[in-house]
Number of protein chains: 2
Amino acid sequence: MDANVVKILVSSPIFRDISPSQLDIMLDCLNPKINTYSKNSYIAVEGEPYTGLGILLSGEAAIIKESASGSRVIMTVIGPGDLFGEMIAFSPRKHWPASVFAQGTCSVMFLPPEKIIGECTQVCGGYKQLIKNMLVLLSTKALMLNQRVEYLAIRGMREKISIYLLEQYKINQKNTFVLPLKRNELADFLSVSRTALSRELGRMRDEGIIEFYRTSVKINNLAMLRRGAE
Amino acid sequence: MDANVVKILVSSPIFRDISPSQLDIMLDCLNPKINTYSKNSYIAVEGEPYTGLGILLSGEAAIIKESASGSRVIMTVIGPGDLFGEMIAFSPRKHWPASVFAQGTCSVMFLPPEKIIGECTQVCGGYKQLIKNMLVLLSTKALMLNQRVEYLAIRGMREKISIYLLEQYKINQKNTFVLPLKRNELADFLSVSRTALSRELGRMRDEGIIEFYRTSVKINNLAMLRRGAE
DNA sequence: AAAAATCGGTAGCTATGGCTACCTAAAGTG
DNA sequence: CACTTTAGGTAGCCATAGCTACCGATTTTT
């Protein structure tokens with residue numbers, strides 16, 4: 001196994017607290033497959049047969065849901081070491097519930113899910129840790145989705161923006177910060193149209209609550225921003 | 001341990017494929033606590049300290065999210081044998097991400113989460129199965145939340161209703177069926193106002209797509225319903 | 001059985017926000 | 001360096017859906 005790949009894997013949450021030597025033994029057991037995908041191609045397509053637990057080794061990919069009408073919602077953007085398809089691995093379902101889209105050239109390792117809960121319990125020492133990691137990962141995933149539901153359930157545009165900005169403010173601990181999402185992506189994330197988002201941001205600027213230029217934002221009136229979040 | 005409680009537990013997904021005798025040994029190990037809650041009281045309150053993995057032994061409870069503005073969103077309704085708080089059990093978070101509300105008199109068993117991944121690996125035989133069950137449960141939960149995100153991300157009222165009814169149709173395999181939710185609950189689930197929901201249902205009836213009375217629905221024109229879902 | 005609470009449909013009013021269109025600035029690309 | 005593409009702000013139009021109010025029907029409580 002390529003030393004570079006091992007380096008990514010040991011830093012990946014699924015192999016957390018598993019030593020490179022243990023990992024080496026486990027990989028023999030887990031029987032992984034590595035594929036490469038070019039920019040703007042689909043790594044996995046919603047509705048198609050499940051191809052296993054994915055680990056992104058290099059590149060950047062987006063997990064997206066597309067409604068029948070064609071509108072896309074970005075769930076998350078993942079980078080090297082991140083997983084995808086961990087939800088389906090242990091469920092009865094056998095097809096992708098969302099698409100995975102390569103935003104740059106990507107290389108991906110797939111693990112057959114049966115192997116993780118498989119028979120090699122005695123052989124692999126890191127097995128117990130792997131299971132523990134999976135439990136933590138799935139919990140975290142579920143909680144993230146929960147948070148997403150929270151955002152989507154918010155009705156008002158002003159409210160959505162305010163809550164989002166307050167969260168970013170909390171993360172950065174500064175009045176001025178750079179958003180991790182471009183307007184388009186933010187609009188998708190909050191499930192609103194980009195133009196309406198820009199309009200409301202403009203209004204909030206006119207009211208002296210915030211200043212912004214592209215993805216950088218400055219909070220001028222925290223109290224008013226809080227009021228906007230109700 | 002009460003025989004009735006054991007009966008509920010062995011039917012609960014968390015103890016699936018664990019025999020009553022194994023269960024008995026495990027319960028000694030897991031150190032559960034049982035509480036009773038009266039109708040319309042809170043079993044757990046969003047934001048308050050986590051009290052452990054909950055198993056509903058009797059009664060009916062609703063998992064609800066309440067936004068700052070006070071609007072409530074029903075996540076699910078659970079019955080005897082169902083779990084709650086399984087997401088937080090293995091995550092770093094230590095407070096409830098949602099509230100659990102007793103819709104009738106409820107009795108609840110709480111398991112300290114440390115115990116599940118705990119040290120008693122060698123002692124308890126059902127331990128491995130328990131872990132497996134937890135993985136399946138968490139996967140299923142995450143997938144359910146995923147589906148919820150799907151619904152919330154849908155913009156149009158007609159689209160939401162159509163997709164919901166088509167799903168119910170698929171479940172029941174009949175043109176006439178009874179919805180599992182009352183209007184209020186359905187409105188909450190789809191995150192729309194009850195009145196707007198009723199109005200749109202009325203329109204769909206006027207267009208000859210459906211008929212309905214209270215929670216019973218009959219699909220008169222499946223093709224048109226499908227078109228409404230885009 | 002009467003009273004109270006819940007459930008659900010309808011109507012009118014209005015604000016929110018989606019959509020189209022357009023324009024400028026920035027960033028890639030050959 | 002010119003050209004294309006992407007990102008983002010602005011404006012006007014208008015349909016969607018939220019809100020209030022009300023009323024009748026049904027269920028629950030006393």
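**Exercise 1.** Determine which element gives the most residues to the surface near DNA strand D, and describe that surface.

*Solution.* Step 1. The element is α8(A), with 5 residues; helices (H or I, at least four residues) and strands (E, at least two) are DSSP runs numbered from the N terminus. This is a predicted model, in which local features need pLDDT of at least 70, side-chain atom pairs count only at pLDDT 80 or more, and totals for chains, interfaces and linings use all residues. Residues are numbered from 1 along each chain as its sequence is written, chains are lettered from A and ligands numbered from 1 in the order in which they are written, and side-chain values use heavy atoms, with hydrogens and water left out.

Step 2. At least two residues each come from α7 (183–190) and α8 (194–206) of chain A and from α8 (194–206) of chain B.

Step 3. DNA strand D is surrounded by 20 residues, where near means that a heavy atom of the residue lies within 4 Å. The closest are A:Arg183, A:Arg194, A:Ser198, B:Met157 and B:Arg199.

Step 4. By class, the surface has 9 charged residues (Asp, Glu, Lys, Arg), 5 nonpolar (Ala, Val, Leu, Ile, Met, Phe, Trp, Tyr, Cys, Pro) and 6 polar (the others, Gly among them).

**Exercise 2.** Find which parts of DNA strand D the arginine side chains A:Arg183 and B:Arg199 approach.

*Solution.* Step 1. For A:Arg183, a polar side-chain atom lies 2.8 Å from a phosphate oxygen of DNA strand D.

Step 2. For B:Arg199, a side-chain N or O atom is 2.7 Å from a base oxygen of DNA strand D.

Step 3. Of the atoms of DNA strand D within 4 Å of the protein, 54% belong to sugar or phosphate, and the rest to bases.

**Exercise 3.** Establish how chain A and chain B are related.

*Solution.* Step 1. Chain A is superposed on chain B by a rotation of 180° with 0.1 Å of shift along its axis, RMSD 0.1 Å (least squares on the C-alpha atoms of residues with pLDDT of at least 70 in both). That is the relation of a two-fold axis.

Step 2. The residue of chain A that comes closest to the rotation axis is A:Ala142, at 2.4 Å (C-alpha).

**Exercise 4.** State how much area chain A and chain B bury between them, and which three residues of chain A supply more than any other three.

*Solution.* Step 1. The chains bury about 3600 Å², 68% of it on carbon and sulfur atoms; this is the accessible area (1.4 Å probe) lost by two parts on being put together, summed over both.

Step 2. The three residues are A:Leu135, A:Leu143 and A:Val149, with 17% of the area that chain A buries against chain B.

Conventions: Polar contact = N/O pair within 3.5 Å; in protein donor to acceptor, adjacent residues only side chain to side chain.
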